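This report describes the architecture of one protein model and the metal site it contains. The sequence and structure are shown first.

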Amino acid sequence: MRILISNDDGYLAPGIIALAEALVPIADVVVVAPDNNRSGCSNSLTLDRPLSLLRAANGFYFVNGTPSDCVHIALTALLDYTPDLVVSGINQGQNMGDDTLYSGTVAAATEGFLFGIPAIAFSQVEHGWEQLDAAAKMARDIVERCFDILEKPYLLNVNIPNRAYGNLKPIMSTRLGKRHQSEPVIRSKDPQGREIFWIGPAGAAKDAGAGTDFYATMMGHVSITPLQIDLTHAAQLDFLRRILE
Ligand code: MN
């Protein structure tokens with residue numbers, strides 16, 4: 001199997017190093033990731049300047065762009081083959097519910113999916129890397145168990161509780177939960193006295209009921225949500241057609 005790996009925390013992040021090390025025994029692995037942390041950049045592509053692809057001493061490639069840039073360049077310029085799978089992560093922090101719209105981790109996987117390649121995004125719930133080895137081992141389990149079971153291409157969003165491997169509860173298939181609206185921006189002043197803003201934290205879980213990714217991980221389970229990209233609201237489309245046509 002040939003696997004392309006990316007992330008949004010940057011090519012030096014412990015999460016991508018652990019993920020690559022976990023997958024090397026089962027696949028030919030190529031890593032192409034942003035040169036620094038681009039968390040929260042969603043599916044953005046860099047269109048206003050050229051990009052560079054450089055290679056680090058450990059063999060990882062890095063790009064001065066976004067996760068989507070990295071996968072896009074890997075698939076259209078670097079690799080002379082189509083990988084069997086694109087994986088992203090392991091992100092430092094959960095990507096559940098509405099997070100998936102902002103996440104660069106999910107975006108890197110989505111870019112692969114949009115090129116017709118199966119893709120999996122991995123995130124570890126809560127910050128801190130204490131149980132990163134457990135998450136990496138679980139990521140490999142999921143690649144091995146899930147690679148062939150779904151119609152291809154698929155796009156999976158995986159969230160792994162921050163626990164030792166032996167304390168992880170079994171995988172649950174979930175739907176995305178929902179969050180309350182985000183916390184307000186944090187106001188401050190720059191050294192010249194001008195007002196500046198830091199984007200505040202995401203809202204707390206609003207729909208964390210049974211069946212959601214929030215619920216599964218709260219109970220200690222590994223959560224897998226199959227995603228799709230079509231945002232069409234089918235019921236409202238039917239309504240608009242009836243009213244307007
Ligand atoms: Mn991130």
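## Basis of the description

A residue is called buried when its relative accessible area is under 20%, exposed when this value is over 50%, and partly exposed in between. The model discussed here is predicted.

## The central sheet

Nine strands form an open sheet with mixed pairing, in the order E3-E4-E2-E1-E5-E6-E7-E13-E8. Strands E3 (53-55) and E8 (169-173) stand at the edges; each has a single partner strand, so one side of each is left without a neighbour in the sheet. On average, and with direction ignored, neighbouring strands of the sheet are turned by 20° against each other.

Within this order, strand E5 (residues 85-92) runs parallel to strand E6 (residues 119-124), and five bridges join the two. One residue pair in this pairing is Val87 with its bridge partner Ile120 in E6. Helix H5 (residues 132-146) packs on the sheet, where it touches strand E1 (2-6), E5, E6, strand E7 (155-160), E8 and strand E13 (221-226). The direction of H5 makes about 160° with that of E6.

## Strand E13 and its two partners

Strand E13 is mostly covered, with five of its six residues buried. Towards E7, the pairing of E13 is antiparallel and extends over four bridges; here Asn157 stands opposite Thr225 in E13.

Towards E8, by contrast, E13 runs parallel, and three bridges join the two strands. Met172 has Ser223 in E13 as its bridge partner. E13 therefore pairs in the antiparallel sense with E7 and runs parallel to E8, the strand that stands at an edge of the sheet.

## The manganese site

Which protein atoms serve as donors of the manganese ion? They are contributed by Asp8 (OD), Asp9 (OD), Ser39 (OG) and Asn91 (OD1), and they lie 2.1 to 2.2 Å from the ion. Along the chain, these donors follow the spacing D-D-x29-S-x51-N.

Asp8 and Ser39 link distant parts of the chain, being 31 residues apart. Asp8 is in the loop between E1 and helix H1 (14-23), whereas Ser39 is in the loop between strand E2 (28-34) and E3.

Is each of these two donor residues buried, exposed or partly exposed? Asp8 counts as buried because its relative accessibility is 2%, which is under the 20% cut-off. Ser39 has a relative accessible area of 42% and is therefore partly exposed.

Conventions:
Residues are numbered from 1 along each chain as its sequence is written. This is a predicted model: local features need pLDDT of at least 70, side-chain atom pairs count only at pLDDT 80 or more; totals for chains, interfaces and linings use all residues. Side-chain values use heavy atoms; hydrogens and water are left out. Two strands pair if DSSP finds at least two bridges between them. Axes are lines fitted to C-alpha atoms, for helices over the stretch in contact, and angles run from 0 to 180 degrees between N-to-C directions. Contact means heavy atoms within 4.5 Å. Donors are N, O and S atoms within 2.8 Å of the metal (3.2 Å for Na, K and Ca); water is not among the atoms, so sites may look incomplete. Buried means under 20% relative accessible area, exposed over 50%, partly exposed in between (1.4 Å probe, protein chains only).
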